[in-house]
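Visitor: I'm new to this structure and would like a close look at a single part. Could you take me to the empty space inside?

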Amino acid sequence: DRGSVQNLPKSYDVEYLMPVSLGTPAQQLNLDLDTGSSDFWVFSTLLKESMINGQTLYDPNTSTTSDKMEGYTWKITYGDESYSSGDVYIDTVTIGDLTVSTQAVEAAKVVSEEFTADSDNDGLVGLGFGIINTVQPYKQKTFFEKAMPGLDSPVFTADLKAGAPGRYNFGYIDDDAYLGNITYVPVDSSDGFWRWVSPGFQVGSTGSFNSTRIHGIADTGTTLLLLPDGVCEAFYSQIASAEYEPSQGGYTFECDDSTVPDFYFGTDNGQMIRIPGSYMSYSKTDTSSQRCFGGMQSDSGVGFTIWGDVALKAAFVVFDQGNEQLGWAEK
Ligand SMILES: O=C(CNCCc1c[nH]c2ccccc12)Nc1scc(-c2ccccc2)c1C(=O)NCc1ccccc1
C-alpha cells in the first residue's frame, strides 16, 4: 500500500498543512505533519467557543466509526510554551489515499492561545516515534506506525518547498522528486525524535568545511533552523548588517542585505545540502524597519539542534522508520 498528499506552506513558510479525512462520513481537516512530536491531535467540538477561531472541528459524535476511549486523556506542551489537551477517540483516518481504520485521534478540549490564533491549522499529525506519545494510561501509535505494516516500504518522504506546494509520500520513494543520490544516515530514536549527527557545515560556496559533529533532529513541525551558537556566529559574521538583538529574540539583518551567504550542512561521506541564503530571511521584525528575523537561530534553549523547515525545504528527506535511518538528497 502507499499514499501521497500535497502540502501547502502558510505565509513565510512558517508551517505546512495537508488535507486529512477523519471519520465517517469524512470530515476534512487541514493538519500539520510534525516529525518533532508524536501526538495526532485535532481541534474538536469539545472545545470552548473562546478557544476556536475559524478552525475546522472534528466532531466524534457525528462519525459512525468513532469510539470513545473511556478514561484515556492526553496533554502536550511544546518548547514555545504552547500546549493542548483532551480526550481520545478511535476512528478511521485517511491521508492521501492511505487509510488507517483504528487511529487514536486526540480530540482537543483545551488549546493555548498560539493555536487558537492560528486559524488555518486544525491540528497536528505527530510522526515522531510513538514512545513520546502523551496519551494516558497507555500511549498510542502514530499514524505511520499504524500504517507501516501494510506499506510497500517502511518509509515516508518529505518534499517541502519554499513558497510553493510540496508533497508527503507514504510507503515509497518517488525517484523523480530528487537529484543525484540519497545519502542515508543512522537515526537514534531513543528519545522519540528523528535524531542524527551531521559531520559539519560550510558558510558560502567558497567557505571551508568545518568538521564538527552536530547532534540534531529532523523536525517538520519547527519553522526555523536552530543551530549551536558557534555555527550561528560563523554564519552571521558573513552578513554585513547582521546583529544579535535579544529584544527581537535573536539574529536579524537588513532584509535587502545582498551579502547573505548560502549555508551547507554535511550529511555523510562528503555529501552536503545547500540552503540558499534567501531561505534565511524571515518576517520583518517590525513594520517600521527593513530588518528581517533570521531563519537560523541559536539552539541554546533546546539542548540539541533542530533542522526545521528552513533546512528541510532545501532537501528531499526520507524518514525510514523500518531501518531507523534518514535519507537526504538535493532537489
Ligand atoms: O515540538 C516540536 C515540534 N512540534 C512543534 C509543534 C508546534 C508548536 N507550536 C506550534 C505552532 C504552530 C504549528 C505547530 C506548532 N519540536 C521541538 S523538539 C524540541 C523543541 C524545543 C524544546 C525546548 C525549547 C525550544 C524548542 C521543539 C519545539 O518546541 N519546537 C517548536 C518551536 C521551537 C522554537 C520556537 C518556536 C516553536
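By class, how many nonpolar, polar and charged residues does the lining of the largest cavity have?

Guide: Happily! This is a predicted model, in which local features need pLDDT of at least 70 and side-chain atom pairs pLDDT 80 or more, while totals for chains, interfaces and linings use all residues. Residues are numbered from 1 along each chain as its sequence is written, and side-chain values use heavy atoms, without hydrogens and water.

The lining has three nonpolar, six polar and three charged residues, with Asp, Glu, Lys and Arg counted as charged, Ala, Val, Leu, Ile, Met, Phe, Trp, Tyr, Cys and Pro as nonpolar, and the others, Gly among them, as polar. A cavity is a set of points on a 1 Å grid over the protein atoms alone where a 1.4 Å probe fits but cannot get out, and its lining residues have an atom within 4 Å of a point.

One cavity of 30 Å³ or more is present, and the volume of the largest is about 30 Å³, taken as the space filled by probe spheres set on the points. Around it you will find, among others, Ser38, Asp39 and Phe40, Gln103, Ala104 and Glu106, and Gln140, Lys141, Thr142 and Phe143. Gly126 and Asn133 also belong to the lining. Strand β7 (a DSSP run of E, at least two residues long) spans residues 98–111 and contributes most, with three residues.

For comparison, look at the ligand: its shell has eight nonpolar, seven polar and six charged residues.

Note on methods:
1 Å grid on protein atoms, 1.4 Å probe; cavity = no way out; pocket = protein on both sides within 12 Å on 5 of 7 lines; lining within 4 Å. Helix = DSSP H or I, 4+ residues; strand = E, 2+ residues; numbered from the N terminus.
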